Amino acid sequence: MPELPEVETVRRELEQIFLQDPVIEKVSYRRKDLREVMPLSLLLVRKLKITRVLRRAKYLILTTANHGALISHLGMTGTWRSVPVGSDLGPHDHVVLERKRDWLVFRDPRRFGIFDWAEAGDWEDQVRFRHLGPEPLSAGFTPEYLFQELKKRKTAVKVALMDQALVVGVGNIYASEILFRAGVKPGLSSRKVSLAKCVQIVEKTQEILSQAITLGGSSMSDFYGVSGVEGSFQNQHSVYDRSGEPCVICATRIRVRVMGGRSTYWCPQCQK
DNA sequence: CTGTTAACCTGAGTGC
DNA sequence: TGCACTCAGGTTAACA
């Protein structure tokens with residue numbers, strides 16, 4: 001489900017929620033493991049005060065007043081929702097942040113998500129953050145950087161764009177959408193991508209991710225925000241999940257092929 | 001080292 | 001209805 005725009009949407013909503021009331025009275029689990037075992041020490045903590053809600057790549061980081069941080073990754077099907085205190089919980093509601101005014105419930109049917117705790121001040125030093133590339137909406141993601149990185153690689157450019165060590169936040173939906181708007185064929189070898197095309201890719205990456213954030217992300221089957229509202233960027237998809245349908249520009253049939261283990265969509269006419 | 005595939009899970013959709 | 005099968009937004013261990 002969640003790529004950068006969806007995670008950023010959740011971050012902004014959680015930020016507002018914790019601005020209204022920063023205190024988590026207690027944390028409870030309804031099972032002890034997602035993709036990884038969750039930290040049992042958190043269950044003993046009372047009154048966690050959330051100071052900031054950050055995002056790095058597709059991770060949410062909730063920093064606290066005592067300097068530790070909660071780490072949350074949504075995996076494929078993870079969602080955070082604000083529900084009334086004492087609400088009935090479903091079989092896939094695994095984590096509850098119990099607050100005075102509401103419960104924040106983490107639901108994740110496939111359990112590919114992560115819920116973790118980083119000790120004081122060093123969340124960025126966790127192994128899971130070390131290999132990550134630049135944020136796509138930061139000054140570090142330039143055409144020159146992309147060009148140099150792509151030159152080192154032999155994979156299809158679409159696979160490279162999804163590699164979180166090259167640039168973070170781009171997943172399977174947005175990789176196809178970005179390359180469509182940039183006019184670049186996803187199967188093109190990374191080494192053969194010109195600097196001019198890198199300019200297009202960087203520009204369209206920033207444009208699409210920004211638009212998608214504005215629209216609250218893409219709601220495919222089960223993504224929604226903390227308040228339960230769906231995003232609407234799925235209505236802007238030009239190629240993703242449109243195999244056999246006409247290209248929005250030239251009406252050529254959209255093609256699909258597996259690249260890097262994921263379905264990849266493109267227009268053979270518009271993308272060279 | 002690089003690059004590719006399989007595995008982790010459940011649910012939704014499809015075809016018979 | 002029911003069953004078998006495929007596929008799904010991510011990440012990473014295991015493999016070639």
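The surface near DNA strand B comes first. Its residues divide into 2 nonpolar, 2 polar and 4 charged. This is a predicted model, so keep that in mind throughout. Who sits there? H92, P109, R110, R111, F112, R153, K154 and T155 surround DNA strand B.

Now the DNA side. Which part of the strand faces the protein, going by atoms within 4 Å? Sugar or phosphate accounts for 62% of those atoms, and bases make up the rest.

Three polar contacts to look at. Start with K154. One of its backbone N or O atoms lies 2.7 Å from a phosphate oxygen of DNA strand B. Next, R110. Here the side chain does the work: an N or O atom of R110 is 2.8 Å from a base oxygen of the strand. Then P109, the neighbour in the list. A polar backbone atom of P109 is 3.5 Å from a sugar or linking oxygen of DNA strand B. That gives a phosphate for K154, a base for R110, and a sugar or linking oxygen for P109.

On to the sheet. Take strand β4, residues 69–73. Is it buried or exposed? Mostly covered: 5 of its 5 residues are buried. In a regular strand, side chains alternate between the two faces of the sheet. In β4, A69, I71 and H73 are on one side. L70 and S72 are on the other. Both faces are covered.

β4 has partners. Strand β3, residues 59–64, runs antiparallel to β4, joined by 5 bridges. Within that pairing, L60 stands opposite S72. The hairpin of β3 and β4 has 4 residues between the strands, and H67 there takes a positive phi near 80 degrees. Strand β8, residues 114–118, also runs antiparallel to β4, and 5 bridges join these two. A69 of β4 has A118 of β8 as its bridge partner.

Helices next. α1 covers residues 4–20, so look at the start of the chain. Its 17 residues reach 25 Å from first C-alpha to last, close to the 24 Å expected at 1.5 Å a residue. How many of those residues are buried? 12 of 17, which makes α1 mostly covered. Among them are L4, V7, V10, L14, I17 and F18. P5 and T9 are buried too, as are the charged E6, E8, R11 and E13.

Then α6, residues 195–214. Its 20 residues should span 28 Å at 1.5 Å a residue. The end C-alpha atoms are 29 Å apart, so the helix agrees with that expectation. An α-helix has 3.6 residues a turn, so residues three or four places apart point the same way. The buried residues of α6 include C198, I201, V202, T205, I208, L209 and A212. K204 and I213 are buried as well. What do they pack against? α1, α3, α4 and α5. Just after α6, G216 takes a positive phi of about 80 degrees.

Last, two backbone angles. Most residues other than glycine have a negative phi. A57 is not a glycine, yet its phi is positive, about 55 degrees. A57 sits in the loop between β2 and β3. It is buried, with a relative accessible area of 1%. D241 also has a positive phi, near 60 degrees. D241 is in the loop between α6 and β9. With a relative accessible area of 47%, D241 is partly exposed.

Terms used:
Residues are numbered from 1 along each chain as its sequence is written. Chains are lettered from A and ligands numbered from 1 in the order in which they are written. This is a predicted model: local features need pLDDT of at least 70, side-chain atom pairs count only at pLDDT 80 or more; totals for chains, interfaces and linings use all residues. Side-chain values use heavy atoms; hydrogens and water are left out. A residue is near a molecule or strand if one of its heavy atoms lies within 4 Å of it. A polar contact is a pair of N or O atoms within 3.5 Å; within protein, one must be able to donate a hydrogen and the other to accept it, and residues adjacent in sequence count only if both atoms are side-chain atoms. The expected span of a helix is 1.5 Å times one less than its number of residues. Buried means under 20% relative accessible area, exposed over 50%, partly exposed in between (1.4 Å probe, protein chains only). Two strands pair if DSSP finds at least two bridges between them. Contact means heavy atoms within 4.5 Å.
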